[in-house]
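Student: I would like to go through the terms used for a metal site and a ligand site. Please set each value against its definition.

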Amino acid sequence: MITMEDVIREGHPTLRLTAEEVETPLSEEVIQLAEDLLQFLKNSQDPEIAEQHALRAGVGIAAPQVNVSKRLLAVHVPSTDEESDEPEYSAILINPKIVSHSVQQTCLPDGEGCLSVDREAPGIVPRHKRITVEYIDLNGKKHKERLRGYPAIVVQHEIDHLNGVMFYDRIDPENPLALPDGIDVLGS
Ligand code: NB4
Ligand code: NI
């Protein structure tokens with residue numbers, strides 16, 4: 001079981017590396033890691049398990065955050081958050097690639113946090129509002145998906161980890177809380 005002790009923190013050099021493509025066919029090791037990452041997210045969102053193991057809640061996690069510099073990530077966004085018209089998005093993405101995206105940008109109203117960052121880093125984090133992402137799943141099957149809104153933001157935060165980018169790199173240091181021109185705020 002993955003716990004917070006497995007999550008590396010800011011300052012660890014792995015968080016700044018470009019992660020390596022995952023080889024196909026997928027190894028048993030990679031499959032196990034991917035399943036463990038998704039299970040961590042589910043555990044972190046279960047109030048009892050989270051309290052028992054002192055897990056911080058997460059909706060996404062990328063392999064580099066557990067010090068495995070490979071291009072895979074897990075996302076678990078429940079449906080029952082604010083907009084109940086949004087379905088659950090739960091997936092493992094291996095070798096994900098954003099093949100196109102909207103010009104329109106969006107952001108979360110309260111900025112972003114990161115399991116690898118033990119401090120507040122307030123500010124607007126601009127994200128693409130819509131992305132088309134290609135990836136392979138745990139069965140080695142290719143997918144091409146259009147994501148928007150909340151799941152699109154989470155996937156962009158995680159793909160950033162595969163490229164050594166932290167969310168606060170995207171905050172304007174001069175004016176962290178200012179909304180860039182033309183951006184919309186998710187949920188408003
Ligand atoms: C990744 C997210 C940061 C911004 C937005 C949010 C939470 C993370 C980091 C975009 C991606 C983890 C990975 C939450 C959370 C809402 C849904 C369901 C019920 C509690 C849960 C709380 F926990 N970010 N944490 N941060 N990261 N929403 N929610 N709720 O997930 O560092 O790289 O359980
Ligand atoms: Ni993060």
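Tutor: Donors are N, O and S atoms within 2.8 Å of the metal (3.2 Å for Na, K and Ca); water is not among the atoms, so sites may look incomplete. In sequence, the donor residues of the nickel ion (ligand 2) are spaced C-x42-H-x3-H. The model is predicted: local features need pLDDT of at least 70, side-chain atom pairs count only at pLDDT 80 or more, and totals for chains, interfaces and linings use all residues. Residues are numbered from 1 along each chain as its sequence is written, chains are lettered from A and ligands numbered from 1 in the order written, and side-chain values use heavy atoms, with hydrogens and water left out.

Student: What makes C114, H157 and H161 donor residues of the nickel ion (ligand 2)?

Tutor: C114 (SG), H157 (NE2) and H161 (NE2) coordinate the ion at 2.1 to 2.4 Å, and the limit for donors is 2.8 Å, so they qualify.

Student: Where do H157 and H161 lie?

Tutor: Both are in helix 3 (residues 149-162), four residues apart, about one turn of the helix. Helices are DSSP runs (H or I, at least four residues), and strands are runs of E (at least two), numbered from the N terminus.

Student: Which polar contacts do these histidines make with ligand 1?

Tutor: A polar side-chain atom of H157 lies 3.1 Å from an oxygen atom of ligand 1, and for H161 the distance from a side-chain N or O atom to a ligand oxygen is 2.9 Å. A polar contact is a pair of N or O atoms within 3.5 Å, so both pairs count.

Terms used:
A polar contact is a pair of N or O atoms within 3.5 Å; within protein, one must be able to donate a hydrogen and the other to accept it, and residues adjacent in sequence count only if both atoms are side-chain atoms.
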